[in-house]
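Ready for some practice with charged side chains? Take a look at the structure below, then work through the exercises one step at a time.

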Amino acid sequence: MKNILSTLFVIAILGISSQSASAQEQFQKGDKLLNVGIGGGGYGFYGGGFAVGGSFEVGVHEFISVGGQADINFYDGSYGFSPNSSYVSVPIAARGSYHYGKHFLTIDALDLYAGPVLGFSIDGNEYYSGTSIVIGVQAGARYYFKPAMGVFAEFSGGTNVIPAKVGLSFKF
């Protein structure tokens with residue numbers, strides 16, 4: 001985990017120092033957005049965990065993007081009196097975002113967004129495997145320090161979603 005965080009930090013610093021954000025447009029129809037990052041927090045009935053994943057969206061309207069996301073989450077938990085066990089879940093979901101920052105922001109490099117998430121999760125450990133529904137909402141912010149590269153922070157709530165994610169964001 002330290003290596004991943006260190007790598008993301010170094011990439012972000014290099015990107016910031018090599019070129020500042022130039023005059024760029026906020027989110028637009030046709031933009032392709034890729035987030036790659038790490039996450040953590042509670043998951044389902046369990047305590048903290050560690051997640052790695054990404055999302056991809058395409059702008060279909062001046063304020064709306066649609067796409068998908070996939071993560072892999074590692075966490076510990078137990079049912080009732082059973083011993084503590086390590087679990088892995090892979091939530092895969094469709095998502096949509098409304099880019100509301102355009103209504104009031106004057107910072108072109110900042111993109112604020114929120115929207116629904118719906119999909120399924122493949123869950124299991126050495127004793128159990130199964131699927132469950134992923135349903136929730138997500139809200140986040142992207143800051144582009146280069147016209148096509150930036151950082152993001154995203155928070156989610158609902159069933160079988162990763163509560164918090166941070167990482168790198170790319171616009172094509």
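## Exercises on salt bridges

Both Glu 57 and Arg 95 are buried. Keep in mind that this is a predicted model.

**Exercise 1.** Find out how Glu 57 and Arg 95 are paired, and which strands they lie in.

*Solution.*
- Start with the distance: the closest N and O atoms of Glu 57 and Arg 95 are 3.0 Å apart.
- A salt bridge needs these atoms within 4 Å, so the pair forms a salt bridge.
- Now place the residues: Glu 57 lies in strand β2 (residues 49-59) and Arg 95 in strand β4 (residues 85-98), so the pair ties together parts that are 38 residues apart in sequence.

**Exercise 2.** Work out whether Arg 142 is buried or exposed, and what the salt bridge between Glu 57 and Arg 142 ties together.

*Solution.*
- Arg 142 has 0% relative accessibility, so it counts as buried.
- The side chains of Glu 57 and Arg 142 meet in a salt bridge, at 3.7 Å from N to O.
- Because Glu 57 lies in strand β2 and Arg 142 in strand β6 (residues 129-146), the pair ties together parts that are 85 residues apart in sequence.

**Exercise 3.** Describe the salt bridge between Lys 165 and Asp 71.

*Solution.*
- The closest N and O atoms of Lys 165 and Asp 71 are 3.1 Å apart.
- Lys 165 lies in strand β8 (residues 164-171) and Asp 71 in strand β3 (residues 64-77), so parts that are 94 residues apart in sequence are tied together.
- Both Lys 165 and Asp 71 are buried.

Technical notes. Residues numbered from 1 in each chain as written. Predicted model: local features only at pLDDT ≥ 70, side-chain atom pairs only at ≥ 80, totals over all residues. Heavy atoms only, no water. Helix = DSSP H or I, 4+ residues; strand = E, 2+ residues; numbered from the N terminus. Buried < 20%, exposed > 50% of the residue type's maximum accessible area, 1.4 Å probe, protein only.
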